[in-house]
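This report looks at the pockets of a protein model and then at the packing of two of its helices. Please have the sequence and the model open while reading.

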Amino acid sequence: MVESTHTRATRTERDDRDGSRAQIKIVVPDDHSMVSLLGSRDELLHAIEQSFGSDIDIHVRGNEITVTGPQADTDLASRLFSEMLELLKGGTQLTPDAVERSLAMLRGENGTRPAEVLTLDVLSSRGRTIRPKTLNQRRYVDAIDKHTIVFGIGPAGTGKTYLAMAKAVRALQDKQVNRIILTRPAVEAGERLGFLPGTLYEKIDPYLRPLYDALHDMVDPDSIPRLMAAGTIEVAPLAYMRGRTLNDSFIILDEAQNTSPEQMKMF
């Protein structure tokens, strides 16, 4: 019997006679719920079995999980369950997506532990916590902490603007900055909108709506008009940034691929 330093789960191992297969028994501590570990109706267990395919057999009895299969796969499954227990211990709610991401990290060659990535709290707001979901998102968040200027490059929906916005709100809450400036070039998505009625801010509002959407997820909507009226949070098109002097500010330029070289130099 071996005591694991990370999960407090105990394991026993044995090799089959031909040496090609192994069996690992994981004993889950009493302070962890098997339902939380395996998921409602065993959805997390099914996700693990589907990820490994027919290479391993997983049997659950009481608070014991027995994994049988090739040595490498059983070791990987054991590490996965250990990381899942660590995530539960840190207050992370496990989902099939989180299990798949954890397994992808463990299969990588960089030695990254999912528990170190998925338990980093970027911002806690409105009853929920925003955390990185991938190793690259963790690197992105760390880069924002370490460097003055960070370029985030990636496909749509990978959290570039959302995580930057979360870091900005956190910096404002921690009084590391006095203002948040959100800006983006006013470029239509393949369809010209023509002349829009209303004041200047009403005209540019459609272009800046994605920034407002992320902001409403992280800040109490009732306080946003007050913060904007005081200048603590400012949302403006890039064209109106020329000549500005911004001290102690967290500045986010969204959709920077639509800027011209002159605009980037100005920014």
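## The largest pocket

In this predicted model, five elements, namely α6 (135-146), α7 (160-173), α8 (200-218), β10 (249-253) and α10 (261-266), each contribute at least two residues to the lining of the largest pocket. The largest share of that lining comes from α7, which supplies seven residues.

The volume of the largest pocket is about 1,500 Å³, and its lining consists of 50 residues, with Val150, Ala164, Ile251, Ile252 and Leu253 lying nearest the centre. Sorted by class, the lining of the largest pocket holds 27 nonpolar, twelve polar and eleven charged residues.

## The second largest pocket

The second largest pocket encloses about 490 Å³ of space. It is lined by 18 residues, and those closest to its centre are Thr92, Thr129, Arg131, Pro132 and Lys133. Two or more residues of this lining come from each of α4 (96-107), β7 (128-130) and α7, and the lining as a whole divides into six nonpolar, seven polar and five charged residues.

## The contact of α3 with α4

The axis of helix α3 (residues 71-89) comes within 10 Å of the axis of α4, and the two cross at roughly 130°; α3 and α4 are therefore oblique to each other. Their crossing is right-handed.

On the α3 side, Leu76, Arg79, Leu80, Glu83, Met84 and Leu87 meet Val99, Ser102, Leu103, Leu106 and Arg107 of α4. By class, this contact of α3 with α4 is made up of seven nonpolar, one polar and three charged residues.

Notes
Residues numbered from 1 in each chain as written. Predicted model: local features only at pLDDT ≥ 70, side-chain atom pairs only at ≥ 80, totals over all residues. Heavy atoms only, no water. 1 Å grid on protein atoms, 1.4 Å probe; cavity = no way out; pocket = protein on both sides within 12 Å on 5 of 7 lines; lining within 4 Å. Points joined across faces, edges and corners; volume = space filled by probe spheres on them. Helix = DSSP H or I, 4+ residues; strand = E, 2+ residues; numbered from the N terminus. Nonpolar A, V, L, I, M, F, W, Y, C, P; charged D, E, K, R; others polar. Axes fitted to C-alpha atoms, helices over the stretch in contact; angles between N-to-C directions. Parallel < 35°, antiparallel > 145°, perpendicular 65-115°, else oblique. Left-handed = near helix turned anticlockwise from the far one by under 90°. Contact = heavy atoms within 4.5 Å.
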